Amino acid sequence: MTPAPSPVPPPVPPSALSALAGLSGLPGDPDSPVRVGTEGLLVAVPVLIGFRPRDSLVMIATGGPHGRRVGLTLRVDLPPPDDPELVAALCESAAAALCRDDPEGAAVLVVGGGEPGAGRPAAPGEPEWPPRADVAGAATLALLEREIGVHTVAWAAEIAAGAAWRCYPLHDCGCAGTLPDPAASVLAATAVARGAVVRDSREELAKVVEPTDDAAGPAAGSAGPAASSSAAGAGGDSAGTAGSVDPGSPAGQPSAVDPRRLLRDALADAAAGRLVVGRRLARAMASALRRPWFRDEALAACAGPTAPEAEQLWAALARTSPGADAATPAALLAVSALLRGDGALANLALDRALGADPGHRLAHSLRAALDGGWGPREIRAWLEGER
């Protein structure tokens, strides 16, 4: 049965909104539920998307046995308030993308968009509307038209300690308050303990894969600063047999290196906090990653016990590798990010991969998977099948 075309869902009891049950401690880890209310869901957004959003629409798919377990999370910039057609089109597109996760329910959250009191004028006796009620209503309507129940429609001035928040008057709950410190939440503490990093903005997140000046140049150029002596065994710039120049090889090219040792040493350096990617390490890794069997080893590292170190290595190589050599480590970074449920970083990494090599097959496959709603479970199952 299709709901009536109205942006206002039927009223629900306030108790149903006060406790969103079974939200995952981290995306992709359904065995560690953390129960939160609307306030807790708002402060969880930076953990779910990897950075603190500003002037954004955030839509969260929920499902599971009780219909309230967090699934796919999407974020888009708020459209201009004076263009209702663009507002409707953006919310339609976002709702369609969210439905790829086959949700049972959804939350619609608006962050920023104006000062408190700048929303739709309230009728006499009605509560005040937060800013950008046009976006909240259009997003809710787009989901209802797809028979997705919307259990939470809320606004926050920003995701920061002391920021004002309140529910839109679409439910009879009247919830409002100020946010606690997002960094002090149970979910944030769990995320940090598992190695997740929450950036202060999307621009800060983009720097994870932003190419260096040398990397943006010709493929023969330098890939970064000299490596530390600890990285010499992994193809670094300092003295060492594995990364030294072979007099019999072309000028400036690294000598033959055992790829498994190369990866093992680089991951060990990352674990010890001393990984520095120099030109020889970047070139040696690029050469190794051209071998199909070694790419399989690299993919396995994304999901193994050294996954955090592998993600650090791929990010460093994506930044510093010149030309098309950056594509494979950037695609591997996308795999690492997707395994953690970090779609924002995965998208940025795939942009970097396809910018470096528009025909990169792995990057295209991952982009299609991401657009198709794949999450950590699907990526992990794919990796296990590839092995």
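1. Arg132 lies in the loop that links strand E5 (105-111) to helix H4 (133-144). The model under review is predicted, and this residue is a suitable place to begin. The phi angle of Arg132 is near 55 degrees, which is a positive value in a residue other than glycine. Most residues other than glycine have a negative phi. The reader may therefore wish to look at this backbone position, where phi is near 55 degrees.

2. Is Arg132 buried or exposed? Its relative accessible area is 9%. Because buried means under 20% relative accessible area, Arg132 counts as buried.

3. A second residue with a positive phi is Asp55, where the angle is near 45 degrees; Asp55, too, is a residue other than glycine. Asp55 belongs to the loop between helix H2 (38-49) and strand E3 (56-63). Its relative accessibility is 44%. Partly exposed covers the range between 20% and 50%, so Asp55 is placed in that class. Arg132, by contrast, is buried.

4. The loop that holds Asp55 leads to strand E3, which deserves its own point. How many of the eight residues of E3 are buried? Eight of the eight are, so the strand is largely enclosed by the rest of the structure.

5. The two faces of E3 may be considered in turn. In a regular strand the side chains alternate between the two faces of the sheet. On one side of E3 are Ser56, Val58, Ile60 and Thr62, and on the other are Leu57, Met59, Ala61 and Gly63. Every one of these residues is buried, and both faces of the strand are thus covered.

6. Which strands are joined to E3 by bridges? One is E4 (residues 69-77), joined to E3 by seven bridges in an antiparallel arrangement. Within this pairing, Gly63 has Arg69 of E4 as its bridge partner. Another is E5, also antiparallel to E3 and also joined to it by seven bridges. Here Met59 has Val108 of E5 as its bridge partner. Strand E5 is also the element that precedes the loop of Arg132.

7. Some figures for the whole chain complete the note. The protein chain contains 14 helices and eight strands. It has 387 residues, of which 49% count as buried. Among contacts between residues at least 6 apart in sequence, 65% join residues at least 24 apart. The chain exposes about 16900 Å², and carbon and sulfur atoms supply 53% of that area.

How values were computed:
Residues numbered from 1 in each chain as written. Predicted model: local features only at pLDDT ≥ 70, side-chain atom pairs only at ≥ 80, totals over all residues. Heavy atoms only, no water. Helix = DSSP H or I, 4+ residues; strand = E, 2+ residues; numbered from the N terminus. Buried < 20%, exposed > 50% of the residue type's maximum accessible area, 1.4 Å probe, protein only. Contact = heavy atoms within 4.5 Å. Areas by Shrake-Rupley, 256 points an atom, 1.4 Å probe, with all protein chains shown as cover. Pairing = 2+ DSSP bridges.
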